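Colleague: I am new to this model and would like to go through it with you step by step. Could you show it to me before I ask anything?

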Amino acid sequence: MERKLFHILLRKPDTPLTEDQKSFVAEHFRFEPYFSARVMARLEHAYHKEREWLPGLTFAFSRVAVPVLVATIVLLAVIVFKEQTFSLDTLSGASGISMEDVVGNVFVSL
C-alpha cells in the first residue's frame with residue numbers, strides 16, 4: 001500500500017493519473033469534502049499558536065523595561081553629580097586615565 005503511494009508521488013508531475021490512481025490518492029489523503037477549508041483552518045490555527053506568546057512578551061517588557069530605564073537614569077545621575085561633569089569619559093569611567101597610563105604599561109623600553 002505504501003509502495004503504491006510512494007510510486008504515485010514520485011511520478012512525473014506532468015503525467016496524468018489514471019482513474020485507479022486518482023481514487024487511491026483521494027481515498028488515502030481524503031481531499032473531499034472541504035479540503036481548502038480544512039487547510040485554511042490549520043494554517044490559521046498554526047498562526048494563532050505561533051503568535052500567542054506575544055502578549056506575554058509585551059507584558060514582561062512593560063514590567064521590566066520601565067524599572068531598568070529608571071535604574072539607568074538614577075545611575076547616570078549619580079555619576080554626573082559625583083564627577084561634576086557630563087562627558088563620555090565620565091560615563092564610561094575613564095575620566096582619570098591618561099593615554100600615557102595606557103600605552104606606558106604596554107611597551108617595554110630596552
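Colleague: Which side chain meets that of D20 in a salt bridge?

Modeller: This is a predicted model, in which local features need pLDDT of at least 70 and side-chain atom pairs count only at pLDDT 80 or more, while totals for chains, interfaces and linings use all residues. Residues are numbered from 1 along each chain as its sequence is written, and side-chain values use heavy atoms, with hydrogens and water left out. A salt bridge here is a side-chain nitrogen of Lys or Arg within 4 Å of a carboxyl oxygen of Asp or Glu. At 3.3 Å, N to O, the partner of D20 is K4.

Colleague: How many residues apart are D20 and K4?

Modeller: The pair links distant parts of the chain, with D20 in helix 2 and K4 in helix 1 (helices being DSSP runs of H or I, at least four residues, numbered from the N terminus). Their separation is 16 residues.

Colleague: At what angle do helix 1 and helix 2 pack?

Modeller: Helix 1 covers residues 2-10 and helix 2 residues 19-29, and their axes, which are lines fitted to C-alpha atoms over the stretch in contact, lie 11 Å apart. Taken between N-to-C directions on a scale from 0 to 180 degrees, the angle is about 110 degrees.

Colleague: Which residues of helix 1 make the contact with helix 2?

Modeller: Contact means heavy atoms within 4.5 Å. Helix 2 contributes D20, Q21, F24, V25, H28 and F29, and from helix 1 come K4, L5, I8 and L9.

Colleague: What phi does Q84 take, just after helix 4?

Modeller: Helix 4 spans residues 54-83. Just after helix 4, Q84 takes a positive phi of about 60 degrees.

Terms used:
Expected span 1.5 Å × (residues − 1).
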